[in-house]
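Thank you all for coming; I would like to walk you through a structure that is new to most of us, taking the sheets, then the contact between the chains, and then the empty spaces. Please keep the picture in view while I talk.

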Amino acid sequence: MKESVILEVKDLYVNFRGESVLSNISFSLKKGYALAIVGPNGAGKSTLFRALLGLVPYRGTISWEKGVKIGYVPQKLAVERDLPLSVHEFLGFRGRDPEIAEAFNAVGIHDDSLRDRQLGALSGGELQRVLVAFAIMGNPDVLLFDEPVAGIDLGGEETIYNLLLRLHKEKGLTIVLISHDLDVVYRYADEVLCLNKKLVCFGRPEEALTSESLKKLYGDSALFHHTHKQI
Amino acid sequence: MIFPFLDTTMLLGITTSVFVGVAAGYLGSFMVLRRMALVGDALSHVALPGIALALLFNVNPFLGAFFFLFIAVVAIWAIEEKTNLPTEALVGVFFTFSLAIGVLLTPEPELLEALFGDVSDVAFFDALLAVVFSLLILSTAFWLEKDLLISTISRDLAESAKVKVKRSNLLFLLLVALVVALGVKVVGTLLMGALVILPAVAARNMALRFRGFSLLSAAFGALSAVLGGGIAAVYNLPPGPIIVLVAAAFFFVSLAFRRA
């Protein structure tokens, strides 16, 4: 694994209507690493993503390695159930049939009939896979993954995190994911960034996620956020 | 055929209605998905003061209508990009304002035609305009299709995929302005919104994919225009309202086909 830096963020500030959403954020990310961003609701996690994608105005510097391609998996889509748009049409915006087939394979969709379903009629887990397929069809070097808060079926043979981990390993993808589940962070991330409008902690999960930083992040209710699920 | 006296004037009328009907239906399919159903309706009223001024200064009403629509659309787009207010609210502001001014300015003899259109009397030049601009609308919208659909699903996703969202939004609104200006001759300013929306909502009830949806919508638009124009000619009724009634009939029939 090369140790070159793919992303360098320095003194990042984002304001919305005069209100500070992110302030004084600095960190860097090495190529091929998996970075998890954690923090309470309203901590500015999605805003940080949008700044990284250049979708919101900011002060400070965000420098991606030259020529880097970014894939983005949004948390949710504004898609009505009966939107007349099939999965095949949606992915067709990104490439032709062989590329769609390849992407399906990469994200572990083996049921070809999914192609003909409507985008809005997919389950949360299916939609997420299709969005990952959409993102990787752009041949990204980095994948930004905004985890949905709830309502994802974890059923099936491979969880979305195993999928990300596999893409991370197989394709050498650098991954930045917003996570609401600290278990996921411990299991899958090389580094973690704790965010609560400011940078609370940054580093390897076992070092950065101290009880002190968790308390700073979630307040005294940190313990409730930290319930362990069986995986 | 249901056209008993198919002369040149009729042919020009039919040609105009078909082309405008197809363009309106196809654009309507995007508008419905973008939750802009009422935008076309409201925008069509903006055309009225333009028509009035064109009549006063003796220029082609289409040009007058388009000029006003163009200004309104650019203003709406600019405000929308700056403030994130929903398009519908903005259009609502322009709409009432324009309608009031338009009704005051339009000379009384022409008011009825401006409000409800008249395809029974289309000049060759107007038919030519309709054909050329309809083809322009169709080809531009087809070229923009991918960008418009991705940004409808998620603006962030579109921008992350390097779609020029601002540009495609502006182009799309301009196409809407163009189709509304063309539709003034067919169904008039008051009813043009219906010709954009009804075919699309009818098609949406029946289609699973965008390709089927947009083709069906365009077909409903054309059929409404031709059948409505024909029925109006046979029974000597004003074509504009009949065309819209036929489009509405397609919608009610489509309800029977609606997928769960």
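Before the first hairpin, a word on terms: helices (H or I, at least four residues) and strands (E, at least two) are DSSP runs numbered from the N terminus, and two strands pair if DSSP finds at least two bridges between them. What you see is a predicted model, in which local features need pLDDT of at least 70 and side-chain atom pairs count only at pLDDT 80 or more, while totals for chains, interfaces and linings use all residues. Residues are numbered from 1 along each chain as its sequence is written, chains are lettered from A and ligands numbered from 1 in the order in which they are written, and side-chain values use heavy atoms, with hydrogens and water left out.

Let me start with the hairpin of E1(A) and E2(A), where 2 residues lie between the strands and A:Arg17 takes a positive phi near 45°. These two strands run antiparallel and are joined by 8 bridges; along them, A:Phe16 has A:Glu19 in E2(A) as its bridge partner, and A:Leu7 stands opposite A:Leu29 of E2(A).

The hairpin belongs to an open sheet of 3 strands in chain A, with the order E2-E1-E4 and antiparallel pairing. At its edges are strand E2 (19-30) and strand E4 (59-64) of chain A, each of which pairs on one side only, and the twist averages 15° from one strand to the next. Helix H1(A) packs on this sheet, touching E1, E2 and E4 of chain A, and its direction makes about 120° with that of E1(A). For that angle, axes are lines fitted to C-alpha atoms, for helices over the stretch in contact, and angles run from 0 to 180 degrees between N-to-C directions; contact itself means heavy atoms within 4.5 Å.

Chain A also has an open sheet of 6 strands, in the order E5-E6-E7-E3-E8-E9, and here the pairing is mixed. Why is one side of strand E5 and of strand E9 left without a neighbour in the sheet? Strand E5 (70-73) and strand E9 (198-203) of chain A stand at the edges and have a single partner strand each, so one side of each has no neighbour there. The partner joined to E5(A) by 4 bridges is strand E6 (residues 142-146) of chain A, and the two run parallel, with A:Tyr72 opposite A:Leu144 in E6(A).

Turning to the two chains together, the contact takes 25 residues from chain A and 23 residues from chain B. The area buried between them, meaning the accessible area (1.4 Å probe) that two parts lose on being put together, summed over both, is about 2100 Å², and carbon and sulfur atoms give 56% of it. On the chain B side, B:Ile153, B:Asp156 and B:Leu157 lose the most area to chain A, together 29% of what that side buries.

Now the empty spaces, which are found on a 1 Å grid over the protein atoms alone: a cavity is a set of points where a 1.4 Å probe fits but cannot get out, a pocket is an open set with protein on both sides within 12 Å along at least five of seven lines, and lining residues have an atom within 4 Å of a point. Grid points are joined across faces, edges and corners, and a volume is the space filled by probe spheres set on the points.

The largest pocket holds about 1500 Å³ of space, and of the 44 residues that line it, A:Arg50, B:Asn84, B:Arg155, B:Asp156 and B:Glu159 are the closest to its centre. Helix H3(B) gives the largest share of this lining, 6 residues, and the lining divides into 19 nonpolar, 10 polar and 15 charged residues. In that count, Ala, Val, Leu, Ile, Met, Phe, Trp, Tyr, Cys and Pro are nonpolar, Asp, Glu, Lys and Arg are charged, and the others, Gly among them, are polar.

There are also 2 cavities of 30 Å³ or more. The largest cavity, with about 50 Å³ of space, has a lining of 7 nonpolar, no polar and no charged residues, to which H5(A) gives the most, 3 residues. The second largest cavity has about 40 Å³ of space, and residues including A:Leu83, A:Pro84, B:Leu149 and B:Ile153 line it.
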